[in-house]
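This report covers the fold of one chain, a helix pair within it, and the contact with a second chain. The sequence and structure are shown first.

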Amino acid sequence: MSYTLLEPKSEGTTTVIQTKQSGPAAAAILAAGIGTLALGVLTILSDKSLASKNLLAFYKPTGSLSGVTTVAVVVWLAAWVLLDRLWKHRDVSLKKVNAVSIVLLAMGVLATFPPITELF
Amino acid sequence: MEITTRSVWTLIHGMGFGGLYLLAGTGATFALYQAFQPVERDQASTHPSRLIGIYLSVMAALAWLAVLSGTYIIYPWYRASAPIGEHNLKAYPRALLLSSPSTSAWHSLGMEWKEHVAWLVPIAITMAAVVALRYGREIVNHPRLRVGLLAFVGTSLIASGVAGFFGAMLDKVAPVEGGQTIRLVKGDQR
């Protein structure tokens, strides 16, 4: 818990409220950004490299899509657990985390778009 | 009136899980925007933050069911290889689309994008649900947290819209058909 001093509502009184640290939320948001970027990078890898495509075919009827999505989910969850442990009791700048995560999210979305994938 | 088991699965996947997600998504975006705006402390008791956490959790369940049913039940039927020399490609939607220049982009652009971009939806909405449940009313004390959640929920809504649009169009151009036939209503004989 961290403590926030609020503006006095009336003369001579102040209110102190307990607030949760931003660390766990920042960890969740950044991990989601990392997960979506991983999804995009793996999409490009499976499209551009035959070796990666074969390696990622965890379930034959679905082909490389099974590996791309499974590995992306594992990366996302691993990043979440790791960052949560690091930031559990800390206040982290959500402004910076939001900015980085939104960039990662945008890159992840773009990397799944076939005309972009073709550029690599 | 008949329907095949594969058609039933595409209905469950698209109109069931996917359609419900899209309907819920617009509500969630509005609720997140509206509910976590800073309010006076004495209004906190009526704040619907817990309900929003549950609402986002149901959306997360729908998103997981949509991508898992799409990837592991319907997609194998869609991408099944046609036997060499097979001329009737109706049972092989991907091969049918790729057999003509006028339809091949439905696969190379539509399906290729849909099958990957849809997977960011459960990642984004699960994160939002967990944060909403974990922080509840506390989200108002972190205004930037609302911005992060809205960005991910909004993007998940756009991604599910892309997946839904291409899913519907692919089902019109090259539907996944086959399996057992289920008779829904017996028609009159002429």
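From the N terminus on, chain A of this predicted model follows the order β-β-α-α-α-α-α. Its secondary structure thus amounts to two strands and five helices. Chain A has 120 residues, and 39% of them count as buried. Taking the contacts in chain A between residues at least 6 apart in sequence, 69% link residues at least 24 apart.

One helix pair can be described in detail. Helix α1 of chain A covers residues 23-48 and helix α4 of chain A covers residues 94-112; the two pack with their axes 7 Å apart, at an angle of about 20°. Because angles under 35 degrees count as roughly parallel, α1(A) and α4(A) are roughly parallel to each other. The crossing in which α1(A) passes α4(A) is left-handed.

Helix α1 of chain A also holds A:Asp47. Is this residue buried, exposed or partly exposed? A:Asp47 has 19 other C-beta atoms within 10 Å, and a buried residue needs 20 or more, so A:Asp47 is partly exposed. Between A:Asp47 and A:Pro114 there are 9.4 Å in space, C-alpha to C-alpha, although the two are 67 residues apart in sequence.

Between the chains, 33 residues of chain A are in contact with 32 residues of chain B. On the side of chain A that touches chain B, α1, α3 (64-87) and α4 each supply at least two residues. The table gives the residue classes of this side and of the helix contact described above.

| Residue set | Nonpolar | Polar | Charged |
|---|---|---|---|
| Contact of α1(A) with α4(A) | 17 residues | eight residues | no residues |
| Side of chain A that touches chain B | 17 residues | 14 residues | two residues |

In soluble globular proteins, nonpolar side chains tend to be buried together. Here the largest nonpolar core has 76 residues, of which A:Ala31, B:Ala124, B:Ile125 and B:Ala128 touch the most other members. Each of the following supplies at least two residues of this core: α1, α3 and α4 of chain A, and α1 (5-35), α2 (49-78), α4 (104-117), α5 (120-135) and α6 (143-173) of chain B. The largest share, 14 residues, is that of α1(A).

Which residues does B:Ile125 contact, leaving aside its neighbours within four places in sequence? They are B:Leu56, B:Met59, B:Ala60, B:Ala63, B:Val153 and B:Ser156.

Definitions and conventions:
Residues are numbered from 1 along each chain as its sequence is written. Chains are lettered from A and ligands numbered from 1 in the order in which they are written. This is a predicted model: local features need pLDDT of at least 70, side-chain atom pairs count only at pLDDT 80 or more; totals for chains, interfaces and linings use all residues. Axes are lines fitted to C-alpha atoms, for helices over the stretch in contact, and angles run from 0 to 180 degrees between N-to-C directions. Helices (H or I, at least four residues) and strands (E, at least two) are DSSP runs, numbered from the N terminus. Angles under 35 degrees count as roughly parallel, over 145 as roughly antiparallel, 65 to 115 as roughly perpendicular and the rest as oblique. A crossing is left-handed if the near helix is turned anticlockwise from the far one by less than a right angle, and right-handed if clockwise. Ala, Val, Leu, Ile, Met, Phe, Trp, Tyr, Cys and Pro count as nonpolar, Asp, Glu, Lys and Arg as charged, and the others, Gly among them, as polar. Two residues are in contact if their C-beta atoms, placed from the backbone, lie within 7 Å. A residue is buried if 20 or more other C-beta atoms lie within 10 Å of its own, exposed if 12 or fewer, and partly exposed in between; C-beta atoms are placed from the backbone. A nonpolar core is a set of buried Ala, Val, Leu, Ile, Met, Phe, Trp, Tyr and Cys residues joined through C-beta atoms within 7 Å.
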